[in-house]
Amino acid sequence: MKSTLNSIISKQKWLPIALANMVFAALLAIVSPVFLTLSNFQSMLIQSGVTAIMAIGMTFIIITAGIDISMGAILFFCSALFAQLLQDTQSYWLAFSAAIACATLLGTINGVLVTRFKISPLITTLATYSIYRGMAIHLTGAQNIPVPREMGFLGNGKLFGLPVPIILLIVIFILGVYLLNHTRLGLYAKAIGSSARSANESNLPVTKVTVAVYAIGGMVTGISALILLARVGGLQSGIGIGIEFTVIAAVILGGTKLTGGSGTIVGSVFGAFFLVLIDNGLNLVNASPYIYDIVRGSVLLAAVAVDRLSAKRQESRLIQIKKQRLEHNHATN
Amino acid sequence: MLNDNNTPLLSFRGLTKSFSGKTVVNGVSFDLYPGQVVGLIGENGAGKSTTKNMLCGLLEPTAGKIFVNGQLVEKNEGHVHGISAVHQELSLFGALTVAENMCIGQLPGSATKINWKKVEEIAQEQLDFLGIEIDTSATVESLGAGKQQIVEIGKALLHADKVLILDEPTTSLTAVEREKLFVLIDKLSTRGIAIIFISHFLEEIYRVCDHYIVLRDGTQVDSGLLANVPQRKLEEMMVGRTIDNANVQHSQPHGGEALRVEQLSSADFKDVSFNVKQGEILGIAGLMGAGRTEVAEAIFGLRPSTGSVYINGVKTENRTVDSMKQLSACYLPEDRRTNGLFLNRPVRENLSAAAIYRFIKQGITKLGFAGESHVSQKIVNDMGIAIPHIEVRVDALSGGNQQKVLLSRWMATEPKLFILDEPTKGVDIGAKFDIHTKIINLAKNGAAIVIVSSDLPELLNVSQRILVMRRGKMVGEFQREAFDSVKIISLAASSNDKGEGR
């Protein structure tokens with residue numbers, strides 16, 4: 001029984017975080033009567049939308065054993081570009097398309113740098129994080145720029161009775177799941193993360209795929225940027241600071257390994273929900289705003305520790321098997 | 001069968017490969033017909049892998065010709081010509097499923113829609129063809145080494161199914177898995193696939209092959225029909241050179257016991273016991289993967305083990321390289337480039353690293369390393385390390401000079417016990433002789449020395465006693481008077497466990 005549970009979890013890596021969501025939600029429902037209201041749920045979903053969408057992109061990157069620290073900076077740059085262009089030209093379409101194109105381009109630059117110079121993605125994107133954020137500040141002259149009221153539609157508006165950010169999340173989620181599980185890009189990404197050496201030996205398009213996943217990461221960050229901008233109501237200098245931590249935490253909580261090779265989109269989205277759930281819980285019990293970060297960090301640490309422990313158990317089991325094989329070998333020889 | 005049996009599937013003439021002027025393979029020729037299984041045999045470093053890489057298109061030969069179906073191949077691209085190779089290190093993706101691994105090179109369906117049903121079908125069909133039951137949806141990392149090997153073979157044959165090259169395919173397999181692999185090879189051969197089987201387990205060669213090619217020092221010693229050659233003859237051809245023991249003046253082991261190992265066990269070896277006296281040189285022979293390096297590492301606490309280790313009769317607890325250094329014992333690892341040397345630092349620092357405290361006696365008042373340069377220069381002169389000056393970075397040195405640097409570094413601490421793992425691997429003949437002389441002199445001066453080596457002539461030449469390990473166990477012991485290379489090889493490579501020589 002226990003072994004079948006283990007094997008299910010090892011195949012469906014998103015299950016633990018889904019269960020954690022349910023358990024924690026049930027707990028909150030008992031503690032607070034406000035929790036189970038529709039409006040609370042809707043606001044949680046909207047809150048998680050921005051990070052969940054980015055987490056979908058980040059999942060692809062981490063599956064190739066990469067990482068993108070610069071996502072928060074891309075988010076900020078896009079918001080700045082959009083707000084500035086809208087203010088200068090009053091053209092929504094121009095601002096929209098320029099922002100998304102630019103986000104994709106910045107992601108692509110990350111990918112090109114990582115593949116071209118074979119520098120660790122951590123260092124590369126740490127550098128571009130600084131560059132992108134600096135460029136954005138340069139662009140706007142460090143001004144706060146308000147966006148017109150009708151932009152709010154993207155953040156709070158409804159379409160077919162559903163909040164727009166949720167619709168966007170669902171669409172990107174479906175696309176992401178399809179891309180990861182049914183296209184060559186998805187399979188190659190997993191392969192590269194599983195063994196870069198084998199990927200090269202098998203003549204897989206390693207460079208193309210790696211650049212593509214960073215480009216995807218950039219693009220979804222662009223979409224998130226617009227949603228966030230719409231919700232906040234204008235460009236502020238604090239936008240996007242530290243968001244990459246939340247995004248990476250969501251992906252890791254969702255069961256994707258930092259070492260690459262395997263991971264699921266569902267898990268990452270559940271991971272993003274979970275982080276919002278924690279915030280919500282802290283909010284409902286009137287916790288001090290200062291402990292939010294401490295709790296988030298601790299949760300991430302705990303999740304990684306649990307994963308590490310189970311991996312270690314499996315490792316020692318493998319050593320045990322190896323020992324038995326060796327003895328068996330002696331016996332049969 | 002696609003080919004008639006009169007045209008060789010693959011033939012090669014005078015294959016030669018040189019790296020920066022050094023010829024590693026010289027003039028290998030053979031004709032490979034459908035269904036043939038050819039054993040490519042030779043000692044470590046004889047040129048088997050280089051030959052393999054030329055045949056599967058990973059390396060371009062410096063000279064020589066390759067023909068496929070009688071047609072001259074200008075540029076060998078391996079799988080294009082139906083030649084595939086399964087390398088020692090498998091090119092699989094652990095996190096992906098069996099089916100995904102097998103089909104990843106040529107995925108059915110379009111780039112935006114993989115035909116998963118077809119992927120399953122292809123993989124299942126291939127596994128059925130190989131006659132092995134493996135769950136196609138299992139991840140490769142969840143499989144044992146034997147099944148991983150089969151998946152790799154299946155993957156290889158999907159792309160190129162005329163000639164299959166297997167490089168040391170049995171090293172990580174259990175006895176049962178090995179037998180399954182042999183049955184599979186037999187089956188592939190009856191279907192007209194030609195197989196090149198690289199191994200130094202001669203029993204395995206006789207079990208699966210019908211022809212053989214023997215390489216020694218990069219040249220083809222002999223080839224032909226296996227049935228015409230007794231195993232002993234083959235072993236002699238592999239070892240080749242007669243060993244001249246006359247010029248080696250050994251000292252007699254004098255003094256007490258320097259090292260005693262009792263019942264040492266770990267995941268890779270079991271119940272290993274032996275001892276070495278002061279002034280004695282003990283060789284440990286065995287094939288790659290026999291557990292020799294692991295034993296050495298366990299003695300120095302580099303891997304967890306059970307059992308006891310005594311240094312000069314005193315039992316050791318919680319061994320580390322540093323605590324062993326306090327006991328005047330040192331270990332020179334097999335892979336000196338990654339485990340021993342500071343590659344991007346100058347020779348001077350590499351020489352002083354282990355005895356650094358000798359040079360910083362000045363303490364705080366006078367920072368710096370008094371006498372370091374002077375001592376390093378002296379060592380360089382004494383050891384005959386051929387470098388322009390002692391500030392040369394170690395990665396610029398030849399293998400032989402690197403090994404001398406590593407050996408000298410530890411000699412500076414004046415150890416009483418050396419464990420040397422493959423001390424002359426990748427070292428040219430001249431430096432090899434120098435190192436052997438140093439080792440013998442060290443023993444004469446009272447040090448106890450353990451040499452782990454895959455180079456049997458080296459062990460025969462230098463050591464006073466040889467222990468043989470096979471698949472994690474000590475299986476034999478030979479005194480110098482009773483040294484017999486053929487006996488030692490067959491003991492190390494045999495697949496039964498009857499001890500000999502004890």
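In chain B, Val214(B) stands opposite Asp222(B) of strand 12. The model is predicted: local features need pLDDT of at least 70, side-chain atom pairs count only at pLDDT 80 or more, and totals for chains, interfaces and linings use all residues. Residues are numbered from 1 along each chain as its sequence is written, chains are lettered from A and ligands numbered from 1 in the order in which they are written, and side-chain values use heavy atoms, with hydrogens and water left out.

**Strand 11 of chain B and its partners**

Helices (H or I, at least four residues) and strands (E, at least two) are DSSP runs, numbered from the N terminus. Two strands pair if DSSP finds at least two bridges between them. Strand 11 (residues 211-216) of chain B runs antiparallel to strand 12 (residues 219-225) of chain B, and 6 bridges join the two. They form a hairpin with 2 residues between them, and Asp217(B) in the turn has a positive phi of about 50°. Strand 11 of chain B also pairs with strand 3 (residues 37-41) of chain B, here in the parallel sense and over 4 bridges. In that pairing Gly39(B) stands opposite Tyr212(B). Of the 6 residues of strand 11 of chain B, 5 are buried, where buried means under 20% relative accessible area, exposed over 50% and partly exposed in between (1.4 Å probe, protein chains only).

**The four-stranded sheet of chain B**

An open sheet of 4 strands in chain B has the order 14-13-16-17, with antiparallel pairing. Its edge strands are strand 14 (269-277) and strand 17 (314-315) of chain B, each of which pairs on one side only. A hairpin joins strand 13 of chain B to strand 14 of chain B through 2 residues. The two pairings of strand 13 (residues 257-266) of chain B are set out below.

| Strands of chain B | Sense | Bridges | Residues opposite each other |
|---|---|---|---|
| Strand 13 and strand 14 | antiparallel | 6 bridges | Leu264(B) and Val272(B) |
| Strand 13 and strand 16 | antiparallel | 5 bridges | Val261(B) and Val309(B) |

The charged end of Arg260(B) sits over the ring of Tyr310(B), 4.3 Å from its centre. A charge sits over a ring if NZ of Lys or CZ of Arg is within 6 Å of the ring centre and within 35 degrees of the ring normal. In chain A, Arg133(A) lies over the face of Phe76(A), at 4.4 Å from the ring centre.

**Helix 8 of chain B and the aromatic pairs**

In helix 8 of chain B, 8 of the 8 residues are buried, so the helix is largely enclosed by the rest of the structure. Among these buried residues are the charged-type side chains' positions Arg292(B), Glu294(B) and Glu297(B). Gly301(B), which follows helix 8 of chain B, has a positive phi near 70°.

Rings of Phe, Tyr and Trp (its six-membered ring) pair if their centres lie within 6.5 Å; planes under 30 degrees apart count as stacked, over 60 as edge-to-face and the rest as tilted. The whole structure holds 8 aromatic pairs over all chains. One of them joins Phe300(B) and Tyr331(B), with ring centres 5.4 Å apart and planes at 25°, so this pair is stacked. Phe300(B) lies in the loop between helix 8 (292-299) and strand 16 (306-311) of chain B, and Tyr331(B) in strand 18 (residues 329-332) of chain B, so the pair ties together parts that are 31 residues apart in sequence. Phe300(B) is buried at 0% relative accessibility, and Tyr331(B) is buried at 7%. In chain A, ring pairs link Phe82(A), Tyr92(A), Trp93(A) and Phe96(A) into a cluster.**Gln149(B)**

Gln149(B) is in helix 4 (residues 145-159) of chain B and is buried, with a relative accessible area of 5%. Gln149(B) and Leu90(B) are 59 residues apart in sequence and 7.5 Å apart in space, C-alpha to C-alpha.

**Chain A: helix 3 and the annotated spans**

Helix 3 (residues 38-63) of chain A has 26 residues and should span 38 Å at 1.5 Å a residue; its end C-alpha atoms are 35 Å apart, which agrees. The expected span is 1.5 Å times one less than the number of residues. Helix 3 of chain A bends by about 40° at Gly49(A), the bend being the angle between axes fitted to the seven residues ending there and the seven starting there. Of its 26 residues 19 are buried, so helix 3 of chain A is largely enclosed by the rest of the structure. Just after this helix, Ala65(A) takes a positive phi of about 70°.

An unreviewed UniProt entry places the feature "transmembrane region" at residues 14-38, 44-62, 92-113, 159-180, 211-233 and 245-278 of chain A. UniProt positions are given in the numbering used here, feature names are shortened, and annotations may be inferred rather than shown by experiment. Residues 159-180 of chain A are 77% helix and 14% strand, with end C-alpha atoms 27 Å apart. Residues 245-278 of chain A are 68% helix and 0% strand, and their end C-alpha atoms lie 15 Å apart.
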